[in-house]
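Student: I'd like to go through the labels people put on a model like this one. Can we take them one at a time and check each against its cut-off?

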Amino acid sequence: MDSALASEQAVYLPGTVRTAVKLLVVGHFAVGKTTFVGSLSEIRPLRTEETMTQAGAEVDDLAGTERKTTTTVAMDFGRLTLSDSLVLYLFGAPGQHRFTRLWKDMTQGALGALVLADTRRLEQSFPVMAVLEERGLPYAVAVNRFEGSPVFAEEEIREALDLLPETPLVICDARNRISSTRALIALVQYLQSLHTRTPQE
């Protein structure tokens, strides 16, 4: 999938930009992170996808993703300009557990993270959320709706993922720019609420 706004004019940032915000897009293997970043990025996203090999199939759980032929081996990178002075940089982390050290490095300087989840494999979200909690990085959860995946009520998903009441939970389609935008807005609004919250005396 090409970037959301494929034009030469979108490559360069306006000289008026003064603030850059780093956000992570994380989740387990084959949950749609590359697709999500690509659906939002105004530039052609940087991708580090490689063809999956038989050796990788022995360590990566391909259940439900049998048609997947490539995987991210470093990161995805996209950009979204919100105003004349503000730009978001989106960093998509690889999903395999063996990249945990890279996940931790990528949290440096990030304001928050969006965790993509799949109702067919909710339990695989726990290691990802554990890294974010260990690093003290706030996050929202977006359930990426796959064709044929089971549908649960929000309360059931929230309970299954053991989310705090204040943690945002949204349903999205990572292929759709509008849907992805709504998920990103949920994260940004949550981060804004954390930064404007008055400390308790």
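**Checking the labels**

Tutor: Sure, starting with a helix pair: the axes of helix H1 (residues 33–40) and helix H6 (residues 177–196) come within 9 Å and cross at roughly 100 degrees. Axes here are lines fitted to C-alpha atoms, for helices over the stretch in contact, with angles from 0 to 180 degrees between N-to-C directions. Helices (H or I, at least four residues) and strands (E, at least two) are DSSP runs numbered from the N terminus. Keep in mind that this is a predicted model: local features need pLDDT of at least 70, side-chain atom pairs count only at pLDDT 80 or more, and totals for chains, interfaces and linings use all residues. Residues are numbered from 1 along each chain as its sequence is written, and side-chain values use heavy atoms, leaving out hydrogens and water.

Student: What makes H1 roughly perpendicular to H6?

Tutor: Angles under 35 degrees count as roughly parallel, over 145 as roughly antiparallel, 65 to 115 as roughly perpendicular and the rest as oblique. The crossing is roughly 100 degrees, so H1 is roughly perpendicular to H6.

Student: Which residues make the contact?

Tutor: With contact meaning heavy atoms within 4.5 Å, they are Phe-36, Ser-39 and Leu-40 of H1, and Arg-177, Ser-180, Thr-181, Ala-183 and Leu-184 of H6.

Student: Why is the pair Glu-42 and Arg-79 called a salt bridge?

Tutor: The rule asks for a side-chain nitrogen of Lys or Arg within 4 Å of a carboxyl oxygen of Asp or Glu. For Glu-42 and Arg-79 the N to O distance is 2.7 Å, so the pair qualifies. Glu-42 sits in the loop between H1 and strand E2 (49–51) and Arg-79 in strand E4 (residues 76–81), so the bridge ties together parts 37 residues apart in sequence. By this rule the count comes to five salt bridges.

Student: How do you know that Glu-42 is buried?

Tutor: Buried means under 20% relative accessible area, exposed over 50%, partly exposed in between (1.4 Å probe, protein chains only). Glu-42 has 8%, so it counts as buried. Arg-79, at 6%, is buried too.

Student: What makes Glu-154 partly exposed?

Tutor: Its 42% lies between the two cut-offs, so Glu-154 is partly exposed. Glu-154 forms a salt bridge with Arg-158, at 3.6 Å, and Arg-158 is buried at 17%. Both lie in helix H5 (residues 154–161), four residues apart, about one turn of the helix.
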